[in-house]
Amino acid sequence: MAKTKYAFFEGQIVPIERAKVSIMTHALNYGTGCFEGIRAYWNDEEEELYVLKMREHYERFHRSCHMLLISLPYDVDTLGDITLELLRREGFQEDIYVRPLAYKASEKLAVQLQDLEDECAIFVTPFGKYIEKEEGASVGVSSWQRISDNAIPARGKITGSYINPALIKTEAIMNGYDEAIVLTADGHVSEGSAQNLFIVRDGKLVTSPVTEDILEGITRASLIELARDELGIDTVERKIDRSELYMAEEAFFCGTGVQIAAIASIDHRKVGTGKMGPIVTRLRDLYFDIARGKNKKYAPWVTPVYAGARRERLAAT
Ligand code: PMP
């Protein structure tokens, strides 16, 4: 795996060793930052790297910043251009994770969000699977609760709030599971530790609504669209009881990091046959083809990294 050499930091692309902050930084002390996670997929035949749903991620980044009173000096298009420039500098030829980060940069002890300086950074790094058993994960319902909207909104991708997913994931792994499902304060299904969740009941997809303390996932929205348009399957967005997890025909996680991961068992009860089901199988095939730029119908979902640079080079010669 290649190593990260550069970062976008304090307004320019610098060697990664120079992208450092002081221990007095507000965001380091209080978790006052927000971030994104974007994937770029390598297509070997085309020798091209495709960034998936870049615009949607930077739009959500702007919304998270808005909530934290972080003013970003870059609009969505500029953030996209910076990302492409960074990826071209690195020249990776493998699957990549892009991490934009906006944070309260003041070196000041003050538990507040207003009247502080903001900074924005981006780095990119090679990234493979998030869950080893993507085709059949063993999952447990967490003893932790999802943070609720009136405490720390899960709707924003807030750095400090990820202590909640970290507690959930750690408990799951230490208890021998691959992942966890977390419930809301009132006991309904929220999502995975850091991914959204779908179940299949009576042949229909069911997922928790955005008011159940979930992150409003970009993969979730993409799968709702793909299921409807390509599989002819509607998704019902409604509250899900814990025991419905045990009755589901299929269950799977989705998210930029986790991609689409089938769930084989929940709390030691087999989901369906215990093998990857037909709906999640079809969705995964579609998703990976689109992500690698192989399904031209969905070309607007991906941004080629090297094609633009090649065109510019040709134009210059
Ligand atoms: N929920 C949480 C808590 C997340 O951190 C993420 C992102 N990794 C998701 C859901 C999935 O969101 P997306 O599909 O936009 O990556």
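**Exercise 1. Which residues line the largest cavity?** List them, then work out how the cavity is built.

*Solution.* Keep in mind that you're working with a predicted model.

Step 1: count the candidates. Searching the whole structure turns up 1 cavity of 30 Å³ or more, and the largest cavity holds about 70 Å³ of space.

Step 2: read off the wall. The lining is made of Arg39, Tyr41, Leu52, Lys53, His57, Ile218, Thr219, Ser222, Thr256, Tyr287 and Trp301.

Step 3: put these on the fold. β4 (38-43) and α5 are the elements that give two or more residues to this lining. The top contributor is α5, with 3 residues.

Step 4: sort by class. You get 5 nonpolar, 4 polar and 2 charged residues.

**Exercise 2. Find the largest pocket and say what occupies its space.**

*Solution.* Step 1: look for the ligand, as the space it takes is the largest pocket. The volume of this pocket is about 410 Å³.

Step 2: walk around the wall. There are 32 lining residues, and Lys157, Tyr162, Ala194, Gln195 and Leu215 are the closest to the pocket's centre.

Step 3: trace the wall back to helices and strands. At least two lining residues come from each of α2 (54-67), β6 (96-104), α4 (163-174), α5 (218-231) and β14 (250-255). Here α5 gives the most, with 3 residues. You've met that helix already: α5 also gives the most to the lining of the largest cavity.

Step 4: check the chemistry. The pocket lining splits into 13 nonpolar, 13 polar and 6 charged residues.

**Exercise 3. Describe the shell around the ligand and pick out polar atoms that approach its oxygen atoms.**

*Solution.* Step 1: start with the neighbours. The ligand has 15 residues around it, and those that come nearest are Arg60, Tyr162, Glu191, Thr219 and Thr256.

Step 2: classify the shell, which has 4 nonpolar, 7 polar and 4 charged residues.

Step 3: go through the distances, using 3.5 Å as the cut-off for a polar contact.

- Tyr162 places a polar side-chain atom 2.4 Å from a ligand oxygen.
- Thr256 has a side-chain N or O atom 2.5 Å from an oxygen atom of the ligand.
- Ile218 works through its backbone: a polar atom there is 2.7 Å from a ligand oxygen.

Step 4: see how covered the ligand is. On its own it would expose 390 Å², and the protein buries 95% of that.

Step 5: link back to Exercise 1. Ile218 and Thr256, both among these contacts, are also among the residues lining the largest cavity.

Terms used
Residues are numbered from 1 along each chain as its sequence is written. This is a predicted model: local features need pLDDT of at least 70, side-chain atom pairs count only at pLDDT 80 or more; totals for chains, interfaces and linings use all residues. Side-chain values use heavy atoms; hydrogens and water are left out. A residue is near a molecule or strand if one of its heavy atoms lies within 4 Å of it. A polar contact is a pair of N or O atoms within 3.5 Å; within protein, one must be able to donate a hydrogen and the other to accept it, and residues adjacent in sequence count only if both atoms are side-chain atoms. Accessible areas come from the Shrake-Rupley method with a 1.4 Å probe; for residues, only the protein chains shown count as cover. On a 1 Å grid over the protein atoms alone, a cavity is a set of points where a 1.4 Å probe fits but cannot get out, and a pocket is an open set with protein on both sides within 12 Å along at least five of seven lines; lining residues have an atom within 4 Å of a point. A molecule sits in a cavity or pocket if more than half of its atoms lie within 2 Å of its grid points. Ala, Val, Leu, Ile, Met, Phe, Trp, Tyr, Cys and Pro count as nonpolar, Asp, Glu, Lys and Arg as charged, and the others, Gly among them, as polar. Grid points are joined across faces, edges and corners, and a volume is the space filled by probe spheres set on the points. Helices (H or I, at least four residues) and strands (E, at least two) are DSSP runs, numbered from the N terminus.
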